[in-house]
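Please open the model in a viewer and display it as a cartoon, with side chains ready to be switched on. The tour proceeds by selections, each followed by a description of what is found there.

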Amino acid sequence: MLTIDDLQGYDERTVMVVNAYINNKGVKITGEIPAEIKQAGLELAKAFTDGKLLQGRTEGIVASKSSKAGDVSVSKTYADGADGQPMSAEQMIADALLEPFIIKSMGINTVVSRV
């Protein structure tokens with residue numbers, strides 16, 4: 001977990017949000033926190049205080065529509081919502097810095113620690 005000392009100049013709420021974001025990515029660190037994680041935290045803190053972290057993101061709603069006329073049937077499935085909204089540069093940088101600390105095995109995130 002990052003501390004207020006790691007994110008100098010930012011308040012406790014910002015540190016809490018940054019830690020929640022990193023934890024939700026599946027990053028767990030034991031021992032000394034690597035410089036890349038600290039830098040990712042600073043990028044996320046800046047994005048959060050600028051109002052750019054996860055701004056306006058909502059999960060899309062999957063909708064399905066089907067109709068039948070005689071022997072012919074048509075089915076459509078689509079997502080409706082704000083998915084695909086652009087991400088802030090700070091959030092993209094943070095995600096890139098965090099990526100090496102997450103191992104994906106058959107599409108599932110696995111907890112990793114680099115010392």
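The stops below run from the whole chain to its helices and then to a single residue.

**The whole chain**

Begin with everything selected, bearing in mind that this is a predicted model. The chain has 3 helices and 4 strands, and their order along the sequence is α-α-β-β-α-β-β. Of its 115 residues, 29% count as buried. Among contacts between residues at least 6 apart in sequence, 60% join residues at least 24 apart.

**Helix H1**

Select residues 12–24, which form helix H1. The end C-alpha atoms of H1 are 18 Å apart, in agreement with the 18 Å that its 13 residues should span at 1.5 Å a residue. Now show the side chains of Thr14, Val15, Val17, Val18, Asn19, Tyr21 and Ile22, the buried residues of this helix. The elements covering them include H2 and H3. Beyond the helix, select Gly26, which follows H1 and has a positive phi, near 90°.

**Helix H2**

Move to residues 35–49, helix H2. This helix has 15 residues and reaches 21 Å from its first C-alpha to its last, close to the 21 Å expected at 1.5 Å a residue. Its buried residues are Ile37, Ala40, Gly41, Glu43, Leu44, Ala45 and Ala47. The cover over these residues includes H1 and H3. After H2 comes Gly51, whose phi is also positive, near 75°.

**Where H1 meets H2**

Two packed helices are described by the angle between their axes and the distance between the axes. Keep H1 and H2 selected together: their axes come within 9 Å and cross at roughly 120°. That angle makes H1 oblique to H2, and the crossing is right-handed. From H1, display Arg13, Thr14, Val17, Val18, Tyr21 and Ile22; these meet Ile37, Gly41, Leu44, Ala45, Phe48 and Thr49 of H2. Coloured by class, this contact shows 8 nonpolar, 3 polar and 1 charged residues.

**Where H2 meets H3**

Hide H1 and add residues 89–98, helix H3. How do H2 and H3 pack, and at what angle? Their axes lie 8 Å apart at an angle of about 160°, and the two helices are therefore roughly antiparallel to each other. H2 passes H3 in a left-handed crossing. On the H2 side, select Glu36, Ile37, Gln39, Ala40, Glu43, Leu44, Lys46 and Ala47; on the H3 side, select Glu90, Gln91, Ile93, Ala94, Leu97 and Leu98, which they meet. The residues of this contact divide into 8 nonpolar, 2 polar and 4 charged.

Ile37 and Leu44 deserve a separate selection, since both appear in the contact of H2 with H1 and in the contact of H2 with H3.

**Glu90**

Finally, centre the view on Glu90 in helix H3. Is Glu90 buried or exposed? With a relative accessible area of 11%, Glu90 is buried, because that value falls under the 20% cut-off. Leaving aside residues up to four places away in sequence, Glu90 touches Glu43, Lys46, Ala47, Asp50 and Lys52. Of these partners, Glu43 and Ala47 are among the buried residues of H2. To close, draw a C-alpha to C-alpha distance from Glu90 to Gly41: the two are 49 residues apart in sequence and 9.8 Å apart in space.

Methods: Residues numbered from 1 in each chain as written. Predicted model: local features only at pLDDT ≥ 70, side-chain atom pairs only at ≥ 80, totals over all residues. Heavy atoms only, no water. Buried < 20%, exposed > 50% of the residue type's maximum accessible area, 1.4 Å probe, protein only. Contact = heavy atoms within 4.5 Å. Axes fitted to C-alpha atoms, helices over the stretch in contact; angles between N-to-C directions. Parallel < 35°, antiparallel > 145°, perpendicular 65-115°, else oblique. Left-handed = near helix turned anticlockwise from the far one by under 90°. Nonpolar A, V, L, I, M, F, W, Y, C, P; charged D, E, K, R; others polar. Expected span 1.5 Å × (residues − 1).
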